[in-house]
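The following exercises ask the reader to work through a protein chain step by step. Each task is followed by a worked solution.

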Amino acid sequence: MSAKISKTNAARQLEKQGIAHTLHQVAVDENDLSAVTMARQLGVEPQRVFKTLVARGDKTGVLMACIPAGTELNLKALAAASGNKHTEMVHLKDVRPLTGYVRGGCSPLGGKKNYPVFVDASALEQESIYISAGLRGVQICLSPQDLLRAVTGDTANIARQA
């Protein structure tokens with residue numbers, strides 16, 4: 001019998017919007033918070049697990065990027081997609097104050113503020129994807145279209161192979 005997964009702000013936001021999703025919890029290794037390891041723990045292909053990264057644009061300020069496990073964020077592509085001349089990753093120490101989330105548990109949903117969200121276009125090739133529910137080891141599975149609707153997000157080719 002598995003323990004009940006506690007609802008997170010991200011899950012509550014989806015419920016409030018009437019968006020179908022499921023919650024999944026796996027054991028967490030604090031020394032390996034990679035999305036590829038998360039995919040292995042969930043038993044799904046890495047291209048279905050999307051990690052959320054926090055960046056800052058020179059014109060728009062803070063924004064979030066969701067890219068598949070095993071890929072890297074293409075900052076130039078993110079800048080172009082978001083109307084910035086350049087973007088840079090937000091320092092790890094600033095992620096929690098900006099979003100309310102810790103490394104390995106950052107979600108595009110239910111954060112302190114609604115930042116612009118850009119999801120790699122490869123998400124649309126998947127029937128469903130996994131994103132962090134806002135806690136390490138807890139993932140939300142939903143359709144990519146529903147994620148985009150929930151965050152009023154945009155898609156762009158922002159990931160590149162690591």
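**Exercise 1. The annotated domain**

Task: State which residues UniProt assigns to a domain, and describe the chain over that range.

Solution. Step 1: an unreviewed UniProt entry places the feature "domain: YbaK/aminoacyl-tRNA synthetase-associated" at residues 34-149. Step 2: the model examined here is predicted. Step 3: within residues 34-149, helix accounts for 26% of the chain and strand for 33%. Step 4: the C-alpha atoms at the two ends of this range lie 26 Å apart.

**Exercise 2. The five-stranded sheet**

Task: Give the strand order of the five-stranded sheet and explain why one side of each edge strand lacks a neighbour.

Solution. Step 1: the order is β5-β2-β3-β6-β9, the sheet is open, and the pairing is mixed. Step 2: the edges are occupied by β5 (87-89) and β9 (154-156); each has a single partner strand, so one side of each has no neighbour in the sheet. Step 3: disregarding direction, neighbouring strands of this sheet are turned against each other by 35 degrees on average.

**Exercise 3. Pairing around β2**

Task: Describe how β2 pairs with β3 and with β5.

Solution. Step 1: β2 (residues 50-57) and β3 (residues 61-68) are antiparallel and share eight bridges. Step 2: these two strands form a hairpin, with three residues between them. Step 3: V54 faces M64 in β3, and G57 stands opposite G61 in β3. Step 4: β2 also runs antiparallel to β5, to which three bridges join it. Here G57 stands opposite T87. Residue G57 is thus placed opposite G61 in β3 and opposite T87 in β5.

**Exercise 4. Helix α3 against the sheet**

Task: Determine which strands α3 lies across, and which of its residues are buried.

Solution. Step 1: α3 (residues 75-82) lies across β2, β3, β5, β6 (117-120) and β9. Its direction makes an angle of about 130 degrees with β5. Step 2: with buried taken as under 20% relative accessible area, the buried residues of α3 are A77, L78, A79 and S82. Step 3: the cover over these residues includes β2, β3, β4 (71-73), β5 and β6. Step 4: an α-helix has 3.6 residues a turn, so residues three or four places apart point the same way. Step 5: at the start of α3, a side-chain oxygen of N74 comes to within 3.1 Å of the backbone nitrogen of K76. Just after the helix, G83 adopts a positive phi of about 75 degrees.

**Exercise 5. The three-stranded sheet**

Task: Give the order of the three-stranded sheet and identify its edge strands.

Solution. Step 1: this open sheet has the order β1-β8-β7, with antiparallel pairing. Step 2: β1 (22-25) and β7 are the edge strands; each has a single partner strand, so one side of each is without a neighbour in the sheet. Step 3: from one strand to the next, the twist averages 35 degrees. Step 4: five bridges link β7 and β8, and S132 stands opposite Q139 in β8.

**Exercise 6. The largest nonpolar core**

Task: Which members of the largest nonpolar core touch the most other members, and which element gives the most residues?

Solution. Step 1: the core has 29 residues, and L109, V119, I131, I140 and L147 touch the most other members. Step 2: the elements that each supply at least two residues include α1 (9-16), α4 (92-99), β7 (129-135) and β8 (138-142). Step 3: α5 gives the most, with four residues. Step 4: leaving aside neighbours within four places in sequence, the contacts of V119 include F50, C66, L147 and L148.

Methods. Residues are numbered from 1 along each chain as its sequence is written. This is a predicted model: local features need pLDDT of at least 70, side-chain atom pairs count only at pLDDT 80 or more; totals for chains, interfaces and linings use all residues. Side-chain values use heavy atoms; hydrogens and water are left out. Two strands pair if DSSP finds at least two bridges between them. Axes are lines fitted to C-alpha atoms, for helices over the stretch in contact, and angles run from 0 to 180 degrees between N-to-C directions. Contact means heavy atoms within 4.5 Å. Buried means under 20% relative accessible area, exposed over 50%, partly exposed in between (1.4 Å probe, protein chains only). A polar contact is a pair of N or O atoms within 3.5 Å; within protein, one must be able to donate a hydrogen and the other to accept it, and residues adjacent in sequence count only if both atoms are side-chain atoms. UniProt positions are given in the numbering used here, feature names are shortened, and annotations may be inferred rather than shown by experiment. A nonpolar core is a set of buried Ala, Val, Leu, Ile, Met, Phe, Trp, Tyr and Cys residues joined through side-chain atoms within 4.5 Å.
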